[in-house]
Structure formats: structure tokens, C-alpha cells
Amino acid sequence: MSAGPMTTEVAIQQRDVRLVRSRQPAAVSIEGVSHIFERGRPPVLDGVDLTVAPGEFVCLVGPSGCGKSTLLNLIAGLTEPTSGRVTVSSARPALMFQEPALLPWLTASGNVELALRARGVGRAQRRTEAERLLAVVNLEGHGGKRVHELSGGMRQRVALARALAQDSSVLLMDEPFAALDAITRDVLHQELARVWAEQGLSVVFVTHNVREAARLGQRVVLMGSRPGRIVREWQVDIPQPRTIESPGVSSLATEITRELHVEISRHGH
Amino acid sequence: MATDRPPGRPSADGRPGLAVADRDVADRDEERTRAVGAGLDALDTVTLPPGPGLVRKFVRSVLPPIVFLGFLVAVWQVAYLAEVKPPYALPSPADVAGRFWETVQSGQALEAIWTSLSRGAAGFAMSLVLGTLLGLAMWWSTWLRAAIGPIVSGLQSLPSVAWVPAAIIWFSLSNAAIYTVVLLGAVPSIANGLLSGMKQVPPLFDRVGRVLGLSALGRTRYVLLPAALPGYLGGLRQGWAFAWRSLMAAELITYSPQLGQGLGQLLNLGRELSQMSLVITSIALILAVGVAIELLLFAPLERRVLSRRGLTMR
Ligand SMILES: Nc1ncnc2c1ncn2[C@@H]1O[C@H](COP(=O)(O)OP(=O)(O)O)[C@@H](O)[C@H]1O
Ligand SMILES: [Mg+2]
């Protein structure tokens, strides 16, 4: 689905994101969320507030173990928060894991079709729709391949196509490119930025790679650990198209990294 | 901090809001990324070298067993000539071959194979249903798993011949007695195979099912069961081996005219007539059926399932 003719609404959106943010229902809204896994243990998340506007790309960075995945699982509805409220505009957000998590007994197309089946799409339509979605991630002609015949980058793209097949306006990504080599990651960054712009998705992208966050996000949110909470956030005004080498990206990354180091050193004594 | 053109907003042509000059740059970038992406795909894709040719396959997997068999027969012939045992106890390979051919020509072999195999197939089919249901029940109910899991595992190591006397007392010399023994041999293996297959399914797959919005039933049907298939197949294979063994044990002991003449009964006939050549012929037939089922049914099935998932090594 490419963006249709521009409505006034979208035009306004273009002029001022924050104005619209206050008027439209948020894509994701997290209010005072705390989470404890085991009774008696300190909370993993403590009083987290976060709002994601429709169509916004938010990157979540933080030291490992600070609760990023936990927060994402809460948004996805896989876990219930101990206290607080999570509301999502889409019934079931799509979620991508660090592993492609493709089912190895299915072909690339079969994996995408399973998501369509879960949505109740009819058999004949599933085929063509899966083909279309694989084309969106530049994998036309690879639908018949088995998972083990695909490279790491291709697998992650199939996983993206499967996530898109959920037809959700909210896409959650948990370090999806962490296991890929730098060049493949660059290509996937560009693909993701394109898909996001074309489909008007709201994205929450978790990463521990600060440069990646600065490269992709419209907003970068820094989480601290023990307990997990939001420490700071940055609005990213570097124009697209960006690359990982764009001057703005590296200077922002430097700034975020400095803050991240401060946050990590807090635990050293 | 909002600028008047926030980055990356979709604009009329569905691309981030860009001026015309920027768009040219973006198009070129896009093109380059596509080229790099295509190159990466080509470089990274796993291309398996073609499998070995027919001649090499023959030399590698068909020839060795034939050579070994020839060697065994040679040793046998030497033992016969040296009269390690008197000829009635150790007939020559030629004698046995003659008897084998006679049994085949008279239709006795085919009849025995058919009787045993149809019985085995029926028993295995029943075991398949019962074992699968039992495995599923043990998966769903952790209480049931805790209660009967140890017994089911224990049954696997109990030779099912041990059930023959009980089965004969319950059902006298009937097919029911034979099937009881076969079931007790095969059901535990199948149930355990399915259960261990399901236990080995990575939790990530279930999370995928949840994220996609599949119901509990849908996750079982489309995720859990297919993921457990390799373990289940292993259970089936072992279940068949146990069923076949149990069947032979049962046939050997439950000998009555109403039961027809299966391979086990043929073997028993050889013992009663003190005809070693018939005994060896029967054993060869039993072995041949076992090997044939393995080679024609289970091995290709397993190979297919594993290679689809990229799990086979050569
Ligand atoms: N299911 C669980 N049970 C108990 N503790 C958990 C569970 N999942 C995560 N944790 C703990 O919660 C903390 C945050 O984990 P996680 O959200 O995975 O961090 P991140 O994704 O930021 O690296 C860690 O200390 C981890 O050990
Ligand atoms: Mg994590």
C-alpha cells in the first residue's frame, strides 16, 4: 500500500508532528508502567511513560538488560504489566525479533502466508499477497526458497515481510539487525526507512547500537537500567535520506553514547 | 524542536518529503542499495553442490552391503566345509538357498509375508492413533505427564514378549492377543517420540504464533505439530521396529491353525520340524521385510523432512 493522495490531515501532519500528536490518538501509549517478574525481586521496569505518535519512528536504546525487550513484549501484549497501562491503536502490533524466527518447514512465501492465514485471508489471495509483500522487501522470485537457503539478511527481510503481512499500523522491532554484518545492515536500514515511509507505520525499534538509532529514528529514547526507566530523549531533525555516515548522525550518536556511558557508570559504585 | 519539514514524512509520491534535486539523489541512492543488496543476496545464498552421480551412489551405498554379504556367505561356507556343527544344524549356503527358493516358489513365503505384514500394518496403524493421542494428552496435561510419563518410558525398555503369556491368558490364542502385544510394544515409543519432539520445539516459535495472532488450536496445528515432526518421525520409526519385533515374538509363541501362517509361525514350523534351512529362510525373510520397510518408507520420509529444513548432512 503506497500512500494515496495527500489529505489535509497529512499535510498538517507534515508541518508539525507535535501538534498532530496531541490531537490524534497515539499509536502506542504507555502510562506509568512497572513490571516485576518475580515477587520480591526489584522491578525490571519502573514508572515508564512513553507515547508514540501515528507514523512516528522511535528508537529505544539502553544498556543490555535494562528492560527494552520486556517493554516491547508489553506493547506486543505477550506480557501483562504488573501495574500501569499500555494502549495500542492497532489490535495486534507486529513484532520482529533479533532472530528471523522463520519456521524452517515452510518456504519464504509460506512464512508470510501463515501471517495472512492468521488474519483469515483466503487461500487464493494469500499467494498473491505474499508475493506482493516479498516484492516490497526486494525478494521477488525468492518465495519458493526454504529458510536454510536464504542468507541472514534475506531471512530478516522475509521476517519483515511477514510482519507487514500482519497489516498492523504498529511495528515493533527488537534488535532485528544486531546479528548482521555492517554492509547487510546498511542495506536493510535503507529498506526499512523506505518501507516505513511508504506504509506510514509507527515503529518502535529497540537497539543497543546508538548509531543505528540515530540513523533510523525520528526520536531516540534512552533507557537506564535497574530499574528500567526513561532517562532522556532526543528529537532527530536530520533530513532523510540519511546514511550511517551522515555528519548529523555521527554527532548525535556521539552525544547519545556519552549519555549512555554516564548512565552505565552510575552502576559502577 | 520541530522543523517545518520533519524528516521522513510520507509525501504525495509516497517518499520522504524531498525537493526535486534531493529526490534524484535519493533515487540514485536507492538504486545503489538495490545493486548492493542484490550482490549480497547472490554472495550469501547457500548453493549446495550437486549430489553424487548414480555410479558413485552405487559404489558408495549399494556395493558395500553386497560385498559384506558375500563375505559372510564365504565364512559360512568355510564353516560348513570344516563341519563346525553337524550338517543338520549348519546346512550349506546352497542348501538354504534351495530351501529359500522352494519356499518362495510354493507361495509359502509370500503368504507368510502377507499375513505378518498386514497384521503388522494394522497393529502399527492402531498404535499410531493411540500413541499420538497419548502423546498429545501428555503434552496438554502436565498432571498426566507426571503421572504416566515414567511408566510410558519404562514400558519402552520392557521387552514386549513379556506380555505374551498375559495376552494369551486374557484373549487365548487369537489375533486380539497378538495385537495386544504389538500395541504394548509400539504405543509407548510413538507417544514418547511425539512428546519429546514437542518438548524440543524452541519457545521462540510459539511466540511467533502468538504475535501472528494464531489461536491455541492454530498454534498447535501450524506451529507446534510441524515443528515436532522430526521427533515424531523418530518415534514412529522406533514404534514400527518395536511393533514388528513384538509381532514376531507373539507369532512365534501363539501358534494355532486359526491364526494363519505368518513369518513367526513359519519360523516355529522350522523349529518343530528341526529344519535348520527353513529356520534360516524364515529369519532371512523377517530381516528382509524389516530392511525393506526401513529403506522404502522411513528412511526416505525422514530424509525428506530433514532436508526440507536444512538439517541433513551428507
Ligand atoms: N521471563 C523473565 N523472568 C525473569 N526475569 C526476566 C525475564 N525476562 C527478562 N528478565 C530480566 O529482566 C531484565 C531485563 O531484560 P530484557 O528486557 O531482556 O533486557 P534488554 O532487552 O534491555 O536487554 C533482565 O535483568 C532480565 O534478566
Ligand atoms: Mg533484549
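In the predicted model, the charges of chain A show little separation of their centres: the mean positions of its 31 positive and 28 negative charges lie 3 Å apart. The accessible surface of this chain amounts to about 11300 Å², and carbon and sulfur atoms account for 50% of that area. Nine helices and nine strands were assigned in chain A. Its C-alpha atoms occupy a box of roughly 60 × 45 × 35 Å along the principal axes. The radius of gyration of chain A is 19 Å, which agrees with the value near 18 Å for a compact globule of 269 residues. Buried residues make up 54% of the 269 residues of chain A. Among contacts in chain A with a separation of 6 or more, 70% join residues 24 or more positions apart.

Chain B contains eleven helices and zero strands, and its elements, read from the N terminus, accordingly run α-α-α-α-α-α-α-α-α-α-α. Of the 314 residues in chain B, 38% are buried. This chain exposes about 17500 Å², with 69% supplied by carbon and sulfur atoms. Residues 24 or more positions apart contribute 66% of the chain B contacts that have a separation of 6 or more.

Several annotations from UniProt can be placed on chain B. An unreviewed entry assigns "domain: ABC transmembrane type-1" to residues 113–297. Over residues 113–297 of chain B, the model is 85% helix and 0% strand, with the end C-alpha atoms 17 Å apart. The label "transmembrane region", also from an unreviewed entry, is listed by UniProt for residues 62–82, 120–140, 161–187 and 276–299 of chain B. Two of these spans were examined individually. Residues 120–140 of chain B are 100% helix and 0% strand, and their end C-alpha atoms are separated by 29 Å. Residues 276–299 of chain B are likewise 100% helix and 0% strand, with 32 Å between the end C-alpha atoms.

Helix H10 of chain B, comprising residues 263–272, is largely enclosed by the rest of the structure, because eight of its ten residues are buried. The buried positions in H10(B) are Leu263(B), Gly264(B), Gln265(B), Leu266(B), Leu267(B), Asn268(B), Leu269(B) and Gly270(B). The cover over these residues includes helix H3 (93–105), helix H4 (108–140), helix H9 (216–253) and H11 of chain B. Just beyond H10(B), Ser274(B) adopts a positive phi of about 55°.

The packing of H10(B) can also be viewed from a residue of H11. Ser282(B) is located in helix H11 of chain B, which spans residues 276–308. The relative accessible area of Ser282(B) is 0%; as the threshold for burial is under 20%, this residue is buried. When residues up to four places away in sequence are set aside, Ser282(B) touches Leu263(B), Leu266(B) and Leu267(B). These three leucines are among the buried residues of H10(B). An α-helix has 3.6 residues a turn, so residues three or four places apart point the same way. The contacts of Ser282(B) with Leu263(B), Leu266(B) and Leu267(B) thus accompany the cover that H11 of chain B provides for the buried residues of H10(B).

How values were computed: Residues are numbered from 1 along each chain as its sequence is written. Chains are lettered from A and ligands numbered from 1 in the order in which they are written. This is a predicted model: local features need pLDDT of at least 70, side-chain atom pairs count only at pLDDT 80 or more; totals for chains, interfaces and linings use all residues. Side-chain values use heavy atoms; hydrogens and water are left out. UniProt positions are given in the numbering used here, feature names are shortened, and annotations may be inferred rather than shown by experiment. Helices (H or I, at least four residues) and strands (E, at least two) are DSSP runs, numbered from the N terminus. The radius of gyration is taken over C-alpha atoms; the globule rule is 2.2 Å times the number of residues to the power 0.38. Buried means under 20% relative accessible area, exposed over 50%, partly exposed in between (1.4 Å probe, protein chains only). Contact means heavy atoms within 4.5 Å. Accessible areas come from the Shrake-Rupley method with a 1.4 Å probe; for residues, only the protein chains shown count as cover. Lys and Arg count as positive and Asp and Glu as negative; His and the chain ends are not counted. The place of a charge is taken as NZ of Lys, CZ of Arg, CG of Asp or CD of Glu.
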